[in-house]
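Got the viewer open? Let's take a walk through this one together, one selection at a time.

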Amino acid sequence: MLFGTIVGSLADKQGRKRACITYCISYILSCITKHSPQYKILMIGRVLGGIATSLLFSAFESWLVAEHNKRGFDPQWLSMTFSKAIFLGNGLVAIVAGLFANLLADNLGFGPVAPFDAAACFLAIGMAIILSSWSENYGDTSDSNDLIAQFKVAAKAIASDEKIALLGAIQSLFEGSMYTFVFLWTPALSPNDEEIPHGFIFATFMLSSMLGSSIASRLLARKLKVEAYMQIVFSISAFTLFLPVVTNFLVPPSEKGGSMSFGGCLQLLGFCIFESCVGIFWPSIMKMRSQYIPEEARSTIMNFFRIPLNLFVCVVLYNVNAFPITVMFGMCAIFLFMAVILQRRLMVVSDLHRSTKAVEMTVEDELLNP
């Protein structure tokens with residue numbers, strides 16, 4: 001939240017390609033620190049990792065959108081690119097990477113740091129591709145626009161445009177619930193130390209996410225209104241994360257150390273549906289960001305969105321032992337229901353904006369061609 005927001009926001013001023021290269025270097029250094037047993041060195045690695053994560057979630061998308069528009073490509077292709085990126089990157093590659101990491105660490109006996117070394121190698125390859133084949137693009141390139149001024153421009157854009165503010169709130173609510181789910185699904189499925197196949201379940205989640213991204217690509221290809229179908233997606237997400245609350249009261253617990261209970265199986269089904277919603281969410285939110293966020297401060301605004309998200313996750317994890325797990329899931333369900341309401345408002349505001357713009361263009365056309 002602290003370091004990543006600042007460095008990530010420099011992408012608009014210093015160049016998105018340069019920011020993507022900085023991501024590769026930062027994460028390579030972060031991987032190298034894993035070889036040290038010293039806490040201070042490991043903390044430096046986490047700072048580098050935080051910087052890299054902010055760049056990952058802003059600079060690459062900003063570069064892609066700017067380059068796509070600069071080359072005059074069909075806007076619809078952008079939606080398809082986002083869908084394929086989530087299907088291949090967040091799904092297929094994640095599964096293969098997990099299996100490869102397990103092979104290095106366990107089967108080949110290289111130890112728990114080996115996957116980080118492998119990641120550093122892939123990052124170096126990626127950096128070489130970026131250096132050799134990408135062109136540079138920028139946001140606001142004015143000389144007087146320093147970092148403080150960029151933050152002011154971004155804050156003004158969020159405050160003056162309700163669509164951007166709503167989009168940021170929706171993203172924070174959904175991603176905050178998603179990251180909380182990442183930490184809670186294991187104790188939710190094994191409250192009495194039941195034996196559960198963690199690796200198999202994670203792979204199932206990734207397959208569900210791939211299914212969701214495939215559904216999103218079809219929805220976007222049919223040019224359905226993103227603001228409309230995302231209300232349904234958020235509603236389903238809220239219901240699935242409310243399942244642990246329901247099963248806790250209605251389904252009797254299993255024996256300690258046994259197999260997964262019936263309630264656990266119901267929750268697993270709900271969690272797979274939630275992961276499918278996550279697969280739909282990523283390309284859809286990327287599509288909305290490409291529509292609503294102004295080009296001159298794209299990376300800065302996207303990193304602004306991550307400030308409340310990171311704060312939310314920190315507060316939740318700090319208090320994770322203070323509340324029952326059902327309370328945590330109930331809170332996530334409430335946040336997702338709030339996302340439904342805000343998504344509905346975003347659709348109303350965007351429709352009003354389009355209709356107003358269409359009327360203005362008609363009036364202007366009549367004035368120019370009476």
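Begin by colouring helix H6: its buried residues are covered by, among others, H5, H7, H10 and H12. Keep in mind as you click around that this is a predicted model.

Now show the side chains that are tucked away on H6. The buried ones are Gln76, Leu78, Ser79, Phe82, Ser83, Ile86, Gly91, Ile95, Leu104 and Ala105. Next, centre the view on Val93, the midpoint of a kink of about 35° in H6. What about the overall span of H6? Its end C-alpha atoms sit 46 Å apart, which agrees with the 48 Å that 33 residues should cover at 1.5 Å a residue.

Hop over to helix H7, residues 114-133. From first C-alpha to last, its 20 residues reach 29 Å, close to the 28 Å expected. Pick out Ala114, Ala118, Ala120, Leu123, Met127 and Ile130, the buried residues of H7. Which helices do they pack against? Turn on helix H3 (16-33), helix H5 (59-70) and H6 to see these partners.

Time for the big interior. Select Phe205, Met230, Phe271 and Ile301: these have the most contacts inside the largest nonpolar core, a set of 68 residues. Helices H6, H8, H9, H10, H11, H12, H13 and H14 each give at least two residues to this core. H12 (262-292) brings the largest share, with 13 residues.

Zoom in on Ile301 for a closer look. Setting aside neighbours within four places in sequence, its contacts are Ala154, Ala157, Ile158, Ile164, Ile293 and Pro294. There is also another core, apart from the largest one, with 16 residues, including Cys20, Ile21, Tyr23 and Cys24.

Since you've just met some cysteines, stay with them. How many disulfides does the structure hold? Zero. For Cys24, the closest cysteine sulfur belongs to Cys20, and at 7.4 Å that is too far for a bond. Cys24 is also buried, at 3% relative accessibility. Click Cys31 as well: its nearest cysteine sulfur is in Cys121, 9.4 Å away, and Cys31 is in no disulfide. Cys31 counts as buried too, with 2% relative accessibility.

Now find Glu175 in helix H9. Is this residue buried or exposed? Its relative accessibility is just 1%, so Glu175 counts as buried. Show what surrounds it: beyond residues up to four places away in sequence, Glu175 touches Phe281, Trp282, Arg306 and Leu309.

For contrast in setting, move to Thr356 in helix H14. At 37% relative accessibility, Thr356 counts as partly exposed. Try drawing a distance from Thr356 to Ile6: the two are 350 residues apart in sequence, and their C-alpha atoms are 36 Å apart in space.

Last stop: an overlay from the database. An unreviewed UniProt entry carries the annotation "transmembrane region" for residues 43-65, 85-104, 116-134, 199-220, 232-251, 257-282, 303-319 and 325-342. Colour those stretches, then inspect two of them. Residues 116-134 are 95% helix and 0% strand, with end C-alpha atoms 26 Å apart. In residues 303-319, the chain is 94% helix and 0% strand, and the end C-alpha atoms lie 25 Å apart.

How values were computed: Residues are numbered from 1 along each chain as its sequence is written. This is a predicted model: local features need pLDDT of at least 70, side-chain atom pairs count only at pLDDT 80 or more; totals for chains, interfaces and linings use all residues. Side-chain values use heavy atoms; hydrogens and water are left out. A nonpolar core is a set of buried Ala, Val, Leu, Ile, Met, Phe, Trp, Tyr and Cys residues joined through side-chain atoms within 4.5 Å. Buried means under 20% relative accessible area, exposed over 50%, partly exposed in between (1.4 Å probe, protein chains only). Helices (H or I, at least four residues) and strands (E, at least two) are DSSP runs, numbered from the N terminus. Contact means heavy atoms within 4.5 Å. UniProt positions are given in the numbering used here, feature names are shortened, and annotations may be inferred rather than shown by experiment. A disulfide is a pair of cysteine sulfur atoms within 2.5 Å. The expected span of a helix is 1.5 Å times one less than its number of residues. The bend at a residue is the angle between axes fitted to the seven residues ending there and the seven starting there.
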